[in-house]
Amino acid sequence: MAEKIKIGISSCLLGDKVRYDGNHQLDRFITDTLGQYFEFIPICPEVEIGLSIPREPMHLFGSAETPRLLTIKTGIDYTERMSTWAERKLKKLEKENLCGFIFKSRSPSSGIRSVKVYTPSGGVTKTGKGLFGGAFIKHFPLIPVEDDGRLHNPRFRENFIERMFVLKRWQKLKKKGASMKGLIDFHTDHKLLIMAHSPKHYSLLGTLIANTKKNKRENLFSEYIRNLMEGLKLIATVKKNTNALQHIQGYFKKHLTSDEKQELLGTIESYRKEFIPLVVPVTLLNHYVRKFNISYLERQYYLKPHPVELMLRNHV
């Protein structure tokens with residue numbers, strides 16, 4: 001890609017020594033692999049509110065819904081300071097056109113799930129969100145987010161990165177002027193991708209597109225992208241991928257020889273049984289798409305959702 005996709009990230013994951021103990025949490029997959037395609041906007045909430053490196057560690061205290069951010073030993077409360085800064089920071093980030101954010105897992109400031117919250121009774125729950133991480137999700141509900149821990153799960157990783165590429169293409173559509181024709185073309189290009197994530201949203205979005213004349217353009221676009229990103233959050237399971245692959249297979253009925261049909265059927269079945277990864281049937285289908293010049297399939301992002309160099313479908 002000529003233009004890198006801009007995403008936010010916790011600074012420590014890039015190797016910046018900003019953690020409470022003066023260390024970092026460098027993630028080579030993020031810097032060396034994703035760094036080829038993504039432009040990082042590094043953020044460390046603790047440092048940006050003026051705390052030192054190193055510093056006394058903090059934790060969340062109270063309820064998971066409205067926790068306080070306290071230092072562990074001295075009990076200094078940084079809740080208001082962090083919340084005020086976060087509000088200003090999120091306003092600034094509106095101008096960045098981010099397509100995603102990678103947060104440090106379980107951080108009391110940046111965590112987005114399973115953050116420990118210490119209760120007044122001495123108990124601990126793992127249902128909290130960091131003050132900045134939680135605020136980011138509320139402020140930017142459409143932007144894909146993930147933490148570094150789950151990023152090492154092949155299915156979560158592929159899903160997250162796929163959604164960021166979709167959002168980038170949406171931003172390009174809006175930048176061009178967001179015409180009705182542009183929206184219809186965008187939907188057509190992503191039909192099979194949507195199907196593989198959520199048949200329910202595939203049907204819902206199809207209905208929206210079919211009724212473009214009945215909706216105001218602004219409402220239609222906002223409703224479309226909201227439902228699209230909601231549907232794409234759902235993991236494309238083996239069962240749903242198999243359904244999409246079989247749907248694509250139908251386009252080759254008049255083109256393939258008997259042996260080629262059997263090979264394709266067998267490859268899809270091997271994927272369904274989880275003997276081979278998704279990249280194998282997709283590679284074979286892409287070969288037939290090029291060979292027979294099937295224009296509808298050539299434009300489907302399901303067959304090319306992200307650069308093959310990322311190897312995201314080699315393990316799902």
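**Two sheets, one cavity: a first tour**

Biologist: Happy to look around with you! How many bridges join strand 5 to strand 8, and which way do the two run?

Modeller: Strand 5 covers residues 101-103, and its link to strand 8 is parallel. Within that pairing, F103 stands opposite D147 in strand 8. Keep in mind that this is a predicted model. The number of bridges joining strand 5 to strand 8, which run parallel, is 3.

Biologist: Which strands form the edges of the open sheet with the order 2-1-5-8?

Modeller: That open sheet has 4 strands, and its pairing is parallel. An edge strand here pairs on one side only, which fits the two ends of the order: strand 2 (38-43) and strand 8 (145-147).

Biologist: What is the average twist from one strand to the next in that sheet?

Modeller: We are still with the open sheet of order 2-1-5-8. Going from one strand to the next, the twist averages 25°.

Biologist: Now the other sheet, please. Which strands of the order 4-3-6-7 have one side left without a neighbour, and why?

Modeller: This is an open sheet of 4 strands with mixed pairing. A strand with a single partner has one side left without a neighbour in the sheet, so we look at the edges, where we find strand 4 and strand 7 (124-128).

Biologist: By how many degrees are neighbouring strands of this sheet turned against each other on average?

Modeller: Here we take the sheet with mixed pairing and the order 4-3-6-7. With direction ignored, its neighbouring strands are turned against each other on average by 50°.

Biologist: In what sense do strand 3 and strand 4 pair?

Modeller: Strand 3 spans residues 58-62 and strand 4 spans residues 67-71, with 5 bridges between them. A hairpin of 4 residues connects the two, and H59 stands opposite L70 in strand 4. The sense of the pairing is antiparallel.

Biologist: And which residue in strand 6 does F61 stand opposite?

Modeller: Strand 3 is joined to strand 6 (residues 115-118) by 2 bridges, and these strands run parallel. Facing F61 from strand 6 is Y118.

Biologist: How many disulfides does a search of the whole structure find?

Modeller: Let us take C12 as a case: it is buried, with a relative accessible area of 6%. The closest cysteine sulfur to that of C12 is in C44, and at 6.9 Å it is too far for a bond. C99 is another buried cysteine, with a relative accessible area of 0%. For the whole structure, the search gives a disulfide count of 0.

Biologist: Which element gives the largest share of the lining of the largest cavity?

Modeller: The search of the whole structure finds 1 cavity of 30 Å³ or more, and the largest cavity has a volume of about 120 Å³. Of its 15 lining residues, the closest to the centre are E158, A236, N241, L278 and V316. Two elements give two or more residues to the lining, helix 5 (154-175) and helix 9 (238-249). The largest share, 4 residues, comes from helix 5.

Biologist: How many residues of that lining are nonpolar?

Modeller: The lining of the largest cavity is sorted by class. Polar residues number 4 and charged residues number 4, while the nonpolar count is 7.

How values were computed: Residues are numbered from 1 along each chain as its sequence is written. This is a predicted model: local features need pLDDT of at least 70, side-chain atom pairs count only at pLDDT 80 or more; totals for chains, interfaces and linings use all residues. Side-chain values use heavy atoms; hydrogens and water are left out. Two strands pair if DSSP finds at least two bridges between them. A disulfide is a pair of cysteine sulfur atoms within 2.5 Å. Buried means under 20% relative accessible area, exposed over 50%, partly exposed in between (1.4 Å probe, protein chains only). On a 1 Å grid over the protein atoms alone, a cavity is a set of points where a 1.4 Å probe fits but cannot get out, and a pocket is an open set with protein on both sides within 12 Å along at least five of seven lines; lining residues have an atom within 4 Å of a point. Grid points are joined across faces, edges and corners, and a volume is the space filled by probe spheres set on the points. Ala, Val, Leu, Ile, Met, Phe, Trp, Tyr, Cys and Pro count as nonpolar, Asp, Glu, Lys and Arg as charged, and the others, Gly among them, as polar. Axes are lines fitted to C-alpha atoms, for helices over the stretch in contact, and angles run from 0 to 180 degrees between N-to-C directions.
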